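Subject: Structure handover

Dear colleague,

Here is the structure for your files. My notes on the helix packing and the charged pairs follow below.

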Amino acid sequence: MNINWDNVRFFKPSEFVSPGLMSPELIYALDALRAKVGRPFIVHSSYRKGDEGTHGKGLAVDGHFDGVPLIDQFLAAEKSLLFGGIGLYPYWNNPGIHLDVRKTTKEKGGARWGRNAAGVYVALDAKFLIECM
């Protein structure tokens, strides 16, 4: 299935690396979240050639909502129920989030994590949130 860019209100293909390799589900979910938040989403990273994870499959994007506190970015993504993976990156120049549309199950749920000041991926728990907020 291809992305029908006429149905995408807030993004252009030029904002993504290899837009033809991006998941339509991701682009439509990102567009819906952008509409809900009401602020521009700045894409930092999208498709990554050679990446064996969600970015390499066109299922993920990293970025930030302009002028929106990190915790509010996370809560908006979480409440949307559109993303199987959500990561918080508070130590970027513009603190932001990873969003992906990986498949989830009721047993496993979605993946949630943070990236600490040392660049290490850690569990998204109270300790991490207190440390970075």
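Is R39 buried, partly exposed or exposed? R39 is partly exposed, and its relative accessible area is 35%. Please keep in mind throughout that this is a predicted model.

**Salt bridges**

Searching the whole structure gives 6 salt bridges. I describe some of them here.

One of them joins the side chains of R39 and D66, at 3.6 Å from N to O. R39 sits in the loop between helix 1 and strand 1 (41–45), while D66 sits in the loop between strand 2 and helix 2, so this pair ties together parts that are 27 residues apart in sequence. D66 is also partly exposed, at 35% relative accessibility.

R48 has a salt bridge with D62, where the N to O distance is 2.9 Å. D62 belongs to strand 2 and R48 to the loop between strand 1 and strand 2, so the contact links parts that are 14 residues apart in sequence. D62 counts as buried, with a relative accessibility of 6%; the cut-off for buried is under 20%. Through salt bridges with shared partners, R48, D51 and D62 form one network.

The other link in that network is between D51 and R48, whose side chains meet in a salt bridge of 3.6 Å, N to O. Both of these residues are partly exposed: D51 has a relative accessible area of 27%, and R48 has one of 32%.

As background, side chains of opposite charge can pair when their charged atoms come close.

**Helix 2**

Which residues of helix 2 (residues 70–80) are buried? They are L70, Q73, F74 and A77. These residues are on the same side of helix 2, because the arc they cover around the axis is only 95 degrees. In general, an α-helix has 3.6 residues a turn, so residues three or four places apart point the same way.

What do the buried residues of helix 2 pack against? Their partners are helix 1 (24–37) and four strands, given here with their ranges: strand 2 (60–65), strand 3 (85–89), strand 4 (96–100) and strand 5 (111–115).

Just after helix 2 comes L81, which has a positive phi, near 60 degrees.

That is the end of my notes.

Regards

Technical notes. Residues numbered from 1 in each chain as written. Predicted model: local features only at pLDDT ≥ 70, side-chain atom pairs only at ≥ 80, totals over all residues. Heavy atoms only, no water. Buried < 20%, exposed > 50% of the residue type's maximum accessible area, 1.4 Å probe, protein only. Helix = DSSP H or I, 4+ residues; strand = E, 2+ residues; numbered from the N terminus. Arc of directions from axis to C-beta. Contact = heavy atoms within 4.5 Å. Salt bridge = Lys/Arg side-chain N within 4 Å of Asp/Glu carboxyl O.
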